[in-house]
Amino acid sequence: MTDGMWESADIGTPQGSVISPTLANIFLHYTFDLWAERWRRRDASGNVVMVRFADDNVVGVEKLTDATRFLADLRERVKKFGLALHPEKTRLIEFGRFAARNRARRGLGKPETFNFLGFTYICGRCRAGSFHLKRKTRRDRMRVRLREIKVELRRRMHEPIPRQGQWLTRVVRGYFAYHSVPTNRQRMNAFRCYVIKLWHRTLRRRGQKDFTSWERIRKLAADYLPPVRTLHPWPTDRFAVKHPRWKPDARIGPVRFCAGGAQQ
């Protein structure tokens, strides 16, 4: 349906439809997953880890020669099925614990980052100085969500404050349930602070005589908005729970594919 008018299509699926991700997973299981697993076992000379969610995927390759060959072979593979890799989203970057050292040796800047499933992945360091993978909420996605909250708060401007607070509780809790991963605490604090500011502005616009103070809005935020907490474990901890015999220093074995990511 486009502007209330029915249109018949012979190619593709409607964007945002319920069946679209289901068909994409079925199609890519044969187009990408099975082919990539075979390529990993037969053609790769080093470790290869692949994670796919619907039509988004990230491939980690140990050796540059393997990465170059895989990208070229993947282009030819999807071309056979009438598909093409997104020219702006498909990149070959140097990433990992040796990326910063290698790029510094060549006189380059910091390692590049990449976006995946709403997060920006960054090569960082912990306090001890060792490599540390950091995940942060994408700035553009957070701005979009805050803009939506601003519009909805304007619509709910004259509702009772408890009802506004209950709605914001559900919104912030749902946002934290996905984004509260390790190393993302700073972005979560920023998100919560912006929500408080938007709520404060909305309450002050309710009337000319409304002078909601910062003391009152802080109390309302403490009553209704959940605090920032890290709700998800480290990826290595989650993997170790599912696979108790896995060791941090062990080589990654063969990978099976599923729509939600890679499994041992």
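Start at Gly 124, which sits opposite His 132 in strand E5. That pair belongs to a longer run of partners: in this predicted model, strand E5 (residues 131-137) is joined to E4 by seven bridges, and the two strands run antiparallel. Follow the chain from E4 into E5 and you pass through a hairpin with five residues between the strands. Look at Gly 129 while you're in that turn, since its phi is positive, at about 100°.

Now go back along the chain to strand E3 (residues 114-116), which also pairs with E4 in the antiparallel sense, here over three bridges. To find your way on this side, take Asn 115: its bridge partner in E4 is Thr 120. E3 and E4 make a hairpin too, with two residues between the strands. Leu 117 is the residue to check there, with a positive phi near 55°.

So what about E4 itself, with E3 pairing on it and E5 joined to it as well? The strand covers residues 119-125, and five of its seven residues are buried, which means that E4 is largely enclosed by the rest of the structure.

Before you build anything on the coordinates, have a look at the confidence. The protein averages a pLDDT of 85, and 89% of the residues score at least 70. Two stretches stay under 50, though. One is residues 246-252, where the model has eight contacts beyond four places in sequence. The other is residues 254-264, with 33 contacts beyond four places in sequence.

Conventions
Residues are numbered from 1 along each chain as its sequence is written. This is a predicted model: local features need pLDDT of at least 70, side-chain atom pairs count only at pLDDT 80 or more; totals for chains, interfaces and linings use all residues. Side-chain values use heavy atoms; hydrogens and water are left out. pLDDT is the predictor's confidence in each residue, from 0 to 100. Contact means heavy atoms within 4.5 Å. Buried means under 20% relative accessible area, exposed over 50%, partly exposed in between (1.4 Å probe, protein chains only). Helices (H or I, at least four residues) and strands (E, at least two) are DSSP runs, numbered from the N terminus. Two strands pair if DSSP finds at least two bridges between them.
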